[in-house]
Amino acid sequence: MNVWLSEEHTAGYAVHWRLRDIIHVEQTPYQELAIVDTHEWGRALILDSIVQTTEVDEFIYHEMIAHVPMMVHPNPVKVLIIGGGDGGTLREVLKYDSVDRVDLVEIDKQVIEACRKYLPTISAGFSDDRANIIIQDGLKYVKEAECKYDVVIIDSSDPVGPAVELFSAEFYRDIYELLHEDGIMTVQAESPAFYGDVFARVYHNMNTIFPRAGVYLACVPSYVSGFWAFGIASKQYHPERAAAGRKPVTGLRYYTTDIHQAAFVLPPFVQKLLER
Ligand code: AG3
């Protein structure tokens, strides 16, 4: 099969993925959803022609968005994930015995259904009894929810259309209210190389609401530029290192407590994006 998926990153830069197979395509009320099989990256979830996750490198993104906050908190019990319909972040959070419930709020139930069917290694966490799936708009959920969380993770798609609000200070304020007094939030913050304005905006918005805010980096090869950022905001704990004496769960392939600290070291050009 000589079919290529073309992912346009900017008006002048695109990446092409040669496909082995198109496994599933459907139009949901929110987006065009596809599961494809690639040559070197395994299967991938594609939403509106944007690669959201691939079987080969998803562990990097999911370990870094989940284990950094989970290791800063000394004893996370209740966790909220906004988005994350593929289940990768959920799978990582469920690795902690201290966790007794994870609420996952995803707007598009068809993403969850397709990932459960076609991406079983990523979506395995959905069958865990501690996973509570809520099909709702995350913006609405955080305004109305009454329970409190130790860790909130925003695993969103790019800030396009309705997802724009998931990067706003107002949304972060609602999450602040949902966190316990020592709670922590992490967000995916796009590429500092290509979307420096989004990345800087995430940081400043977090900084206006939370006493501590930081950003950290990881290499996620299948994402735009491969150079990816996360934002972390904390009410109390210092986000740049794991809580004293805390040991990572076994079997991780990217996260270590040394990587955790190293990820917060920013090259000067990235640091500069954060200056106002
Ligand atoms: N979360 C962030 C994907 C952003 C990718 N953007 C891009 N390639 N332009 C995806 C969900 C992973 N659980």
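# Notebook: ligand first, then the loops

I started at the ligand, where one of its nitrogen atoms sits 2.7 Å from an N or O atom in the side chain of D155. Note to self: this is a predicted model, and every number I write down here is computed from it.

**Entry 1: around the ligand**

I looked for other polar partners next. The side chain of D86 has an N or O atom 2.5 Å from a nitrogen atom of the ligand. With S156 I had to look at the backbone instead: an N or O atom there lies 3.1 Å from a ligand nitrogen. Then I checked how wrapped up the ligand is. On its own it has 400 Å² of accessible area, and the protein covers 97% of that.

Which residues come nearest to the ligand? I found 14 residues around it, and the nearest are H62, D86, D155, S156 and D158. So D86 is on that list, and I already had its side chain at 2.5 Å from a ligand nitrogen.

I also wanted to know which elements build the shell. Strand 5 (50–54) and helix 1 (58–72) each give at least two residues to it. Strand 5 has the largest share, with 3 residues. As for the hole itself, the ligand takes up the space of the largest pocket.

**Entry 2: Q31**

Next I picked Q31, which is in the loop between strand 2 (13–27) and strand 3 (32–38). Is Q31 buried or exposed? Its relative accessible area is 12%, so it counts as buried, the cut-off being under 20%.

I then looked for what the side chain of Q31 is doing. It makes a polar contact of 2.8 Å with the side chain of D108. Leaving out residues up to four places away in sequence, I listed E26, L47, D48, D108 and V111 as the residues that Q31 touches. V111 took me on to helix 3, where it is one of the buried residues.

**Entry 3: helix 3**

Helix 3 covers residues 109–118, and its buried residues are Q110, V111, I112, A114, C115 and Y118. I remembered the rule for an α-helix: there are 3.6 residues a turn, so residues three or four places apart point the same way. I went back to the list with that in mind, and it includes V111, A114, C115 and Y118.

What do the buried residues of helix 3 pack against? I found strand 2, strand 3, strand 4 (43–47), strand 7 (101–106), helix 4 (120–123) and strand 8 (131–135).

**Entry 4: two serines with positive phi**

I scanned for backbone oddities and wrote down two serines. S49 has a positive phi of about 65°, though it is not a glycine. S49 is in the loop between strand 4 and strand 5, and with 33% relative accessibility it counts as partly exposed.

S225 also has a positive phi, about 70°, and is not a glycine either. S225 belongs to the loop between strand 11 and strand 12. Its relative accessibility is 31%, so I put it down as partly exposed.

**Entry 5: G226 and F227**

I stayed in that loop and looked at G226, which lies between strand 11 (212–219) and strand 12 (227–234). G226 counts as buried because its relative accessibility is 10%. Not counting residues up to four places away in sequence, G226 touches A218, C219, V220 and P221.

F227 is in strand 12 and is partly exposed, at 23% relative accessibility. With the same four-place rule, I found F227 touching S191, P192, A193, L217, A218, P267, F269 and V270. A218 is on the list for G226 and on the one for F227.

**Entry 6: Q136 and E275**

Q136 is in the loop between strand 8 and helix 5 (138–144), and it is partly exposed at 21% relative accessible area. Setting aside neighbours within four places in sequence, I saw Q136 in contact with V105, E106, I107, Y141 and E144.

I finished with E275, in the segment after helix 9 (268–274). E275 is exposed, at 53% relative accessibility. How many residues apart in sequence are E275 and A200? I got 75, while their C-alpha atoms are 8.3 Å apart in space.

Terms used
Residues are numbered from 1 along each chain as its sequence is written. This is a predicted model: local features need pLDDT of at least 70, side-chain atom pairs count only at pLDDT 80 or more; totals for chains, interfaces and linings use all residues. Side-chain values use heavy atoms; hydrogens and water are left out. Helices (H or I, at least four residues) and strands (E, at least two) are DSSP runs, numbered from the N terminus. Buried means under 20% relative accessible area, exposed over 50%, partly exposed in between (1.4 Å probe, protein chains only). A polar contact is a pair of N or O atoms within 3.5 Å; within protein, one must be able to donate a hydrogen and the other to accept it, and residues adjacent in sequence count only if both atoms are side-chain atoms. Contact means heavy atoms within 4.5 Å. A residue is near a molecule or strand if one of its heavy atoms lies within 4 Å of it. Accessible areas come from the Shrake-Rupley method with a 1.4 Å probe; for residues, only the protein chains shown count as cover. On a 1 Å grid over the protein atoms alone, a cavity is a set of points where a 1.4 Å probe fits but cannot get out, and a pocket is an open set with protein on both sides within 12 Å along at least five of seven lines; lining residues have an atom within 4 Å of a point. A molecule sits in a cavity or pocket if more than half of its atoms lie within 2 Å of its grid points.
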